Number of protein chains: 2
Amino acid sequence: MRPLEDYLIIDFSQFLSGPSAALKLADMGARVIKIEKPDTGDICRHLYTSNVIMNGESSVFHAINRNKESFSADIKDDHDRQQIWDLVKQADVVMHNFRPGVMERLGFDYQSVYSVNPSVIYGEISGYGNEGPWKDNPGQDLLLQSLSGLTWLSGNAGGPVPMGLSIIDMLAGNHLAQGLLACLFRRTISGEGALVQVSMLESAFDFQFEAITTYYYDGKLPERSQKNNAHAYLGAPYGIYQTANGFIALAMGSIPQLGTLLGCDPLLVYTDVASAFHLRDEIKAILANHLLTGTTEQWLGILQKADIWCADVLTWDTLMQHDGFKALNMLQQVEMSDGFTYRTTRCPISIDGELLTSAKGSPKLGEDNAAIINDLITRHEH
Amino acid sequence: MRPLEDYLIIDFSQFLSGPSAALKLADMGARVIKIEKPDTGDICRHLYTSNVIMNGESSVFHAINRNKESFSADIKDDHDRQQIWDLVKQADVVMHNFRPGVMERLGFDYQSVYSVNPSVIYGEISGYGNEGPWKDNPGQDLLLQSLSGLTWLSGNAGGPVPMGLSIIDMLAGNHLAQGLLACLFRRTISGEGALVQVSMLESAFDFQFEAITTYYYDGKLPERSQKNNAHAYLGAPYGIYQTANGFIALAMGSIPQLGTLLGCDPLLVYTDVASAFHLRDEIKAILANHLLTGTTEQWLGILQKADIWCADVLTWDTLMQHDGFKALNMLQQVEMSDGFTYRTTRCPISIDGELLTSAKGSPKLGEDNAAIINDLITRHEH
């Protein structure tokens, strides 16, 4: 039995942060019903990346919303509101990621839901919390990266470099999922419901916790290396280097040992361990020039034998051809109700040795209305 | 009551991935006991970033291991092993992040622990899973970024650019925490224990799930823009741009509308929505040149009024002076048993309106041995 089997999540959230949390809960067994606006639905349905359209909707939507049901309802219409209330009353979890105040105006805020379902676990993700001058600003990933200081950690010394995925959305979703799960657990012991709140700004700040703890202590802003930066707080060789035919990643390691193994004499003088950080620019420059003189395979052959932490730098093409990738079965094919199939990733968690795969693709807008009404609303009215 | 109050986690993990999961569980109320080698302890105690030493140990260790206890024990010594068994027998959760096979050799693998504690929730994080040719490779963040294709998403077109934080470690920790919580929940219903497994490679792959779903559909590897890239799959203006006195982040928005608002006539011709992606290099170049002609404040003043998604690009210095930051109270001061205090981040989740702060700093190696023996081992032996 999957851990959340028979649990009902009513999910008002859109885009990525909330829906990515609900996806993890769905893969762990919960029944997730997306409440969507008639006609348009989750805005993400038409938020195209690379202008790729899959079966009439965005690839991003399909990735995030597989293994869920869609209930289309006009939250401002009396009849539809009553149906939503019927669902919310039976829900184990209700969640949303609207800006502060929106759910209060719509009438499905925590206090209102609690008044009819006192054991509900209610989750919300905001951009910047419910207080302060930023609370009404758009909670968008790149803006959060930019405001939270995160852009000064990646890339080489110079201007800000954002991380090229919606990392803050995903972390906020992960944090919400943990809070919801912990409170579901508590509820089975104490019967208590809960309000779980996460903001993207808090998640962005938590993400940088190691570096910020260091900053609080020494007061210095992060300084990235001139070239081959992979972490502002780590010394040479930490970084990715070009070789004669590709790239190689080097993590931690002794500089003189690397000099000996790679046949790079200029590295032998850096015997002071502290110099790997303080002189990392000059060490990295020597290493970068030297690594160009051999192939990735040559260097990996030498270094891996000596237990130096290193790796090839793969693209998805080369990754997916590799037996190391194939061994993990990370791909799954899912099918929509109209027969359209697509390939996507699966849940990264396995339980009791079983992969949490699911063959159900993303729902068409409102496709589950009849079944949900029959299953949860009519029955409930009897 | 915090959700995990009175729950006991015996944590054999080191570095970041496992310990970051345990930190979240500790902040949600669990009692976390780190099992550490005598003399050296968690290797992370002396894994320095920027060579910053705080109270004799690394800032990173202090950031990750606050709010935990330390039990030093030699897992190969008979007397100490018996003490560890006493703890493991009483544990709600046992977890580690050793490479596959190590826990089997040490004798505290899932089957062995299960035989004395059948309702245990046992968690493990590996680098590359328990099968396949990579299983014995070092599970280090930069190497995982490099192997999983992640380095082709950040930075501008050209070579690989890693993300400058240990993102895969943190995601794997988040995923493990979710699996553990879901199974703790299931245990309260069914009494069943569980084995929860996560690998860094699966977490790295899951992290890219939107882009990989797109790639599976159209077969094209990610292409970053020439300049101002912030997401390989999004069109102009998505990116960070230099201004006369700093930087500005622009998320999604209509190009002609931006042209009008910013007084940048050359943008007015891009009326075809699809061109924002296909012609993003030329659009971004026009925008980059134009934004240099005004200050960040000027541009933000115009764009925010028109509800365009944009933000300033802050450093931690400027962030922490801002009322938007202060409103969230994201900082906490913690104290070690010897009186050393330090400032760090807090748990990003709040429950029932309360922040999950904790005043307890990181433990000195073995500082809790006597109390743990008295509290959990002697009592247990009676």
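Mentor: Domain bounds in this predicted model come from an automatic or database domain assignment.

Trainee: Which residues does the domain assignment of chain A give to domain 2, and how far apart are the centres of domain 1 and domain 2 of chain A?

Mentor: The assignment for chain A gives domain 1 as 8-207 + 329-381 and domain 2 as 239-319. Taken over C-alpha atoms, the centres of these two domains of chain A are separated by 42 Å.

Trainee: Which C-alpha of chain A is nearest the axis that relates the two copies?

Mentor: A turn of 180 degrees with a shift of 0.0 Å along the axis lays chain A on chain B with an RMSD of 0.0 Å. The two copies are therefore related as by a two-fold rotation axis. At 2.2 Å from that axis, the nearest C-alpha in chain A is that of Phe185(A).

Trainee: Why do the copies meet through the same surface?

Mentor: The comparison concerns the interface residues of chain A and those of chain B. The copies meet through the same surface because the share of chain A interface residues that are also interface residues in chain B is 100%.

Trainee: What are the edge strands of the open sheet that has the order β5(A)-β2(A)-β1(A)-β6(A)-β7(A)-β8(A)-β14(B)-β15(B)?

Mentor: This sheet has eight strands and mixed pairing. An edge strand here pairs on one side only, and the two that do so are β5 (69-72) of chain A and β15 (354-355) of chain B.

Trainee: Which residue is the bridge partner of Ile33(A) in β5(A)?

Mentor: Strand β2 (residues 31-36) of chain A runs parallel to β5(A), and four bridges join them. Within β5(A), the partner of Ile33(A) is Glu69(A).

Trainee: Which strand of chain B does helix α7 of chain A touch?

Mentor: Helix α7 (residues 167-190) of chain A packs on the sheet, its direction making about 165 degrees with that of β7(A). In chain A the helix touches β6, β7 and β8 (194-199), and in chain B the strand touched is β14 (349-351).

Trainee: In the other open sheet, which residue of β15(A) stands opposite Ser350(A)?

Mentor: That sheet has the order β15(A)-β14(A)-β8(B)-β7(B)-β6(B)-β1(B)-β2(B)-β5(B). Strand β14 (residues 349-351) of chain A pairs with β15(A) in the antiparallel sense over two bridges. Opposite Ser350(A) stands Leu355(A).

Trainee: Which residues have the most contacts inside the largest nonpolar core?

Mentor: The core in question has 160 residues. Beyond its neighbours within four places in sequence, Phe207(A) is in contact with residues including Leu150(A), Met163(A), Leu165(B) and Met170(B). The residues with the most contacts inside the core are Phe207(A) and Phe207(B).

Methods: Residues are numbered from 1 along each chain as its sequence is written. Chains are lettered from A and ligands numbered from 1 in the order in which they are written. This is a predicted model: local features need pLDDT of at least 70, side-chain atom pairs count only at pLDDT 80 or more; totals for chains, interfaces and linings use all residues. Side-chain values use heavy atoms; hydrogens and water are left out. Copies are superposed by least squares on the C-alpha atoms of residues with pLDDT of at least 70 in both. Contact means heavy atoms within 4.5 Å. Two strands pair if DSSP finds at least two bridges between them. A nonpolar core is a set of buried Ala, Val, Leu, Ile, Met, Phe, Trp, Tyr and Cys residues joined through side-chain atoms within 4.5 Å. Buried means under 20% relative accessible area, exposed over 50%, partly exposed in between (1.4 Å probe, protein chains only). Axes are lines fitted to C-alpha atoms, for helices over the stretch in contact, and angles run from 0 to 180 degrees between N-to-C directions.
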